[in-house]
Amino acid sequence: ARIVVLISGSGSNLQTILDHANDGKIDGDVVGVISNRSEAFGLERAAESGVPTKVLDHTMFSSRDDYDESLAGLIDSFEPDVIVLAGFMRILTPEFVRRFSGKMINIHPSLLPKYTGLHTHRRAIEAGDDVHGCSVHFVTEELDGGPVILQAKVPIFEDDTEQLLQDRILEQEHRIFPLTVQWLASGRVKLVDGTAEMDGERL
Ligand code: GRF
């Protein structure tokens with residue numbers, strides 16, 4: 001499978017996907033990395049692995065629709081089978097999402113449907129939760145709302161800071177993301193009528 005990864009920052013999730021693909025643990029190759037920010041460290045990680053990179057700076061566009069139109073064309077130029085949002089900090093238009101429906105997945109640092117949106121670790125701590133986690137889901141028109149494919153849970157400890165919890169979650173992100181990318185790349189997981197299925201069984 002041809003995999004395109006979209007990033008905005010450090011790219012630690014990108015790195016784990018690159019590593020898994022290079023180790024043959026994913027039936028596919030990362031054929032392109034796109035960032036909306038030129039200073040994203042993930043661009044260096046991609047270059048290190050010899051993967052072509054493109055920056056599409058959202059501040060150069062007058063509207064979200066124009067940006068997404070240009071982004072969709074750039075993605076299509078890589079002819080991907082799978083599109084991975086790995087810390088891509090942009091809200092995508094419904095037209096864009098529809099265009100890649102069933103081929104695009106995202107990782108979100110919470111146990112969806114809890115805590116959609118930002119600052120999830122702080123919100124979980126402030127709510128006094130004793131469990132938090134991360135979710136990989138199909139991208140649909142609903143922000144952080146698509147059918148969940150896989151989740152991982154971690155405990156929240158009494159004296160947890162936002163950073164400690166974020167690090168604990170990130171460790172789990174790096175475990176579940178490459179696995180779900182493999183399941184999508186190999187065709188085991190599919191989006192069927194708005195529901196995630198694995199080997200034909202509803203998840
Ligand atoms: C991760 O915490 C992910 O859950 C969120 O953005 C962060 C991306 O981190 N969507 P990285 O750029 O993959 O290191």
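**Close-up views of salt bridges, ligand site and His108**

**View 1. Arg98, in the predicted model shown here, is partly exposed, with a relative accessible area of 47%.** Its salt-bridge partner is Glu141, and the separation between the side chains is 2.9 Å, taken from N to O. This pair joins distant parts of the chain, 43 residues apart: Arg98 belongs to helix H4, whereas Glu141 sits in the loop between strand S6 (131–138) and strand S7 (148–155). Glu141 has a relative accessibility of 49%, and so counts as partly exposed, because that class covers values between 20% and 50%.

**View 2. Asp129 and Lys114 form a salt bridge through their side chains.** The N-to-O distance is 3.1 Å. Here too the contact links distant parts of the chain: Asp129 is in the loop between helix H5 (120–126) and S6, and Lys114 is in the loop between strand S5 (104–108) and H5, with their positions 15 residues apart in sequence. Which of the classes, buried or partly exposed, applies to Asp129? With a relative accessibility of 16%, Asp129 counts as buried, since the limit for that class is under 20%. Lys114, by contrast, reaches 42% and is therefore classed as partly exposed. Elsewhere in the model, salt bridges with shared partners connect Glu69, Asp76 and Arg99 in one network.

**View 3. The side chains of Arg99 and Glu69 are joined by a salt bridge.** The distance from N to O is 3.8 Å. Arg99 lies in helix H4 (residues 94–99) and Glu69 in helix H3 (residues 64–76), so this contact ties together parts of the chain that are 30 residues apart in sequence. Arg99 is partly exposed, at 41% relative accessibility. Glu69, at 53%, counts as exposed, because the exposed class begins over 50%. A search of the whole structure finds nine salt bridges, among them the Arg99–Glu69 pair.

**View 4. The ligand occupies a site surrounded by Ser10, Gly11, Ser12, Asn13, Gly87, Ile107, Pro109, Leu170 and Glu173.** Ser12 contributes an N or O atom of its side chain, which is 2.5 Å from an oxygen atom of the ligand. For Ser10, an N or O atom of the side chain is 3.5 Å from a ligand oxygen. In the case of Asn13 the contact comes from the backbone, where an N or O atom lies 2.9 Å from an oxygen atom of the ligand. The ligand on its own would expose 370 Å², and the protein buries 83% of that area.

**View 5. The space taken by the ligand is the largest pocket of the model.** Which elements give two or more residues to the shell around the ligand? They are helix H1 (12–22) and helix H6 (162–185).

**View 6. His108 is located in strand S5.** What is the accessibility class of His108, buried or exposed? The relative accessibility of His108 is 3%, and this residue therefore counts as buried. A polar atom of the His108 side chain is found 2.7 Å from the backbone oxygen of Tyr115. The contact thus pairs the side chain of His108 with the backbone of Tyr115.

Definitions and conventions:
Residues numbered from 1 in each chain as written. Predicted model: local features only at pLDDT ≥ 70, side-chain atom pairs only at ≥ 80, totals over all residues. Heavy atoms only, no water. Salt bridge = Lys/Arg side-chain N within 4 Å of Asp/Glu carboxyl O. Helix = DSSP H or I, 4+ residues; strand = E, 2+ residues; numbered from the N terminus. Buried < 20%, exposed > 50% of the residue type's maximum accessible area, 1.4 Å probe, protein only. Near = heavy atom within 4 Å. Polar contact = N/O pair within 3.5 Å; in protein donor to acceptor, adjacent residues only side chain to side chain. Areas by Shrake-Rupley, 256 points an atom, 1.4 Å probe, with all protein chains shown as cover. 1 Å grid on protein atoms, 1.4 Å probe; cavity = no way out; pocket = protein on both sides within 12 Å on 5 of 7 lines; lining within 4 Å. Sits in = over half its atoms within 2 Å of the grid points.
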